[in-house]
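Please look over the salt bridges in this protein, and then at one threonine side chain. The sequence and structure are shown here for reference.

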Amino acid sequence: MATSHDAGSIDHAAVHERYRIERDKRLRRDGNEQYVEVAGQFAHFVEDPYVAPVPRPPRSDDVTVVFIGGGFAGLVTGARLKQAGVDDVCIIEKGGDFGGTWYWNRYPGAQCDTTSFVYLPLLEETGHMPTEKYAHGPEILEHCQRIAKHFDLYDGACLSTEVTELAWDAGRARWIVRTNRGDELRAQFVVMGTGPLHRPKLPGIAGIESFAGHSFHTSRWDYDYTGGDPTGSPLDRLGDKRVGIIGTGATAVQCVPRLAEACGQLFVFQRTPSSIDVRNNTRTDPEWFETLAPGWQDEWLLNFTTLQTGGLVEKDLVMDGWTDIAKRVRDRVLADPSGDFSPASLLRAFNESDDEKMAEIRARVDELVADPDTAEALKPWYRQLCKRPCFHDEYLQAYNSPNVTLVDTDGQGVERITERGVVVGGTEHELDCLIYASGFEVGTDFTRRSGYEVVGRDGRTLTEHWADGMRSLHGIHVHGFPNLFVVGPSQGANLISNIPHNLTEAGATVATIVRHALDRRAAVVEVTEEAEQAWIDRLLANYRGFGGNPECTPGYYNNEGQPAGRRGELNTAGFPEGPVAYFTYIDAWRRSGRFEGLDFRA
Ligand code: NDP
């Protein structure tokens, strides 16, 4: 029997017209400028609530490698460096421990969205069995610490420390790294892995400075105020509180069910609903895990990435929402009797599958949410990949609790914040506590997000070099910045569904190059101007990135609906042939030993 979400029964034109209307409602002239920086009177929103800095004398040392950032990028690159026999590695991290995203984001309900078996790096190397298909935050943070311990990365690390200056000293062929703890490190190599989404932002709402109640950003959860802890203990100090949360992205989707259980009253202020697909989390069967043969994680990574990016595999090892849509597209194309595999046919199959998936997601809202008006407001009207897809089995149901109110703003956002609460549609909702689930800066200047400038050869800054957008070879090497490496997804594989995979590969590349430079006694490694330009030309000739779909509802995936321009395209570009092709390419590049594009100098 056909249902309303079978592809055949969908009125595609009507659906797309609704997508256009909903997008247009949300377009704002100020685009990415709308958000409020966590600086000045808002600076306390980024203080570390978890670990107080331990007093220590300033360091003045020569080191082989300084890595800036102690998240997955620093951990996996540190691990690869140690495996390559480079022992003298100093990781500088502003948090009080390793973990990056998972150090900061300890909000209740935090959980990975990509299966643990591919999301958690170095599982075989560290011998860890993820306890769940989608592990929760504390286990992921513990895994970060496990990697750090296993590879001795705590030795020489500078925690609770922020880099303030980074400058190339050509005479000594060293980077001079200064920090807010008075350190001066002279590093032969510097690697930066500060993460694409690490600086919290606040919503641009009139009166935001006036709220007199308690408030915090989800990435600095205040358990002293809410009670409970990240492991799931109830938030037992909220029973008599009126709590508001602004934002309904991936973070809010995970913490709203926990808040709903605990708050006297919870108001969820929504501008755009997320798409909420099935989670289906399961506990790992240790007997099954034992059967995995050595090398299994690489096999799973390749399987997931291939399937998720449109390739063919015999078996879907991961079986989740990410791979589901890819399989639907593939099956549609294969079922087409005309055998038409043209790009137009692939696009048609993709669009039809997406329409079908989104119709299912909207139907699921009706199934799970009792109040029809609330259900209607929770339905997402855009393509699934316009925003970060979400997966949850308790979020929608939370709106059935009598203490939970969805305050939908019909795409306009919160009208005003007052001393007492939040105003939407002329109604003031009085609150004791206001939680910002408003996300992280994307597309702002590198220095604003990192907190330091990088001064390269001849005094040229990275801000100047990247004024018209990021420029690199492989997303790693930057001309004019010798012995400096960047570890991140952009201009490399740009695999958004599994960020750590990008980092593990980049870490391997960096370690191979550092090892080679040390073995050859090369003082300096630098990408040539020609190689950097050739890479940029290659990326732009066939742009593949998430920065560009103006048909999507606004968000950080599409520069808030504004034309991305060349700068935006460069900042979000990926290898044109896709992540699997990039991983194959970079593996061959590393193995060749020729390091084409790099200049090694004595
Ligand atoms: P997002 O940027 O995704 O969400 C911010 C939310 O704030 C949006 O719902 C946005 O609405 C809303 N908002 C902004 N301004 C206003 C306003 N003026 N009035 C009302 N609402 C407003 O941040 P998240 O922290 O949720 O997620 C960021 C990213 O972090 C994710 O996309 C994902 O990549 C990652 N993440 C991953 C997780 C995982 O893997 N498990 C879990 C959580 C996050 P609008 O949509 O209209 O802009």
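The report below covers selected salt bridges, then a helix residue and its surroundings.

**Salt bridges**

The model is predicted. In total, 54 salt bridges are counted in it. Three of them are set out in the table.

| Pair | Closest N to O distance | Accessibility of each residue |
|---|---|---|
| Lys-25 and Asp-410 | 2.7 Å | Lys-25 27%; Asp-410 41% |
| Arg-383 and Asp-355 | 3.2 Å | Arg-383 17%; Asp-355 2% |
| Glu-526 and Arg-601 | 3.1 Å | Glu-526 4%; Arg-601 32% |

The side chains of Lys-25 and Asp-410 form a salt bridge at 2.7 Å. Lys-25 belongs to helix α1 (residues 12-26), while Asp-410 sits in the loop between β13 (404-408) and β14 (416-417), so this pair ties together parts of the sequence that are 385 residues apart. Lys-25 is partly exposed, with a relative accessibility of 27%, and Asp-410 is also partly exposed, at 41%.

Arg-383 pairs with Asp-355, with 3.2 Å between the closest N and O atoms. Here the link runs from the loop between α13 (372-377) and β12 (390-391), which holds Arg-383, to helix α12 (residues 343-368), which holds Asp-355; the two residues are 28 apart in sequence. Is Arg-383 buried or exposed? Its relative accessibility is 17%, and buried means under 20%, so Arg-383 counts as buried. Asp-355 is buried as well, with a relative accessible area of 2%.

Glu-526 and Arg-601 form a salt bridge with their closest N and O atoms 3.1 Å apart. Both partners lie in strands: Glu-526 in β20 (residues 524-527) and Arg-601 in β21 (residues 598-601), so the pair ties together parts 75 residues apart in sequence. Glu-526 is buried at 4%, whereas Arg-601 is partly exposed at 32%.

Some salt bridges share partners. Such bridges join Asp-277, Asp-324, Arg-328, Arg-332, Glu-352, Glu-356, Lys-357 and Glu-360 into one network.

**Thr-306**

Thr-306 is part of helix α10 (residues 296-308). Thr-306 is buried, with a relative accessible area of 13%. Which backbone oxygen does the side chain of Thr-306 reach? That of Leu-302, at a distance of 2.5 Å. Apart from neighbours within four places in sequence, the contacts of Thr-306 are Gly-311, Leu-312, Val-313 and Val-580.

Key: Residues are numbered from 1 along each chain as its sequence is written. This is a predicted model: local features need pLDDT of at least 70, side-chain atom pairs count only at pLDDT 80 or more; totals for chains, interfaces and linings use all residues. Side-chain values use heavy atoms; hydrogens and water are left out. Helices (H or I, at least four residues) and strands (E, at least two) are DSSP runs, numbered from the N terminus. Buried means under 20% relative accessible area, exposed over 50%, partly exposed in between (1.4 Å probe, protein chains only). A polar contact is a pair of N or O atoms within 3.5 Å; within protein, one must be able to donate a hydrogen and the other to accept it, and residues adjacent in sequence count only if both atoms are side-chain atoms. Contact means heavy atoms within 4.5 Å.
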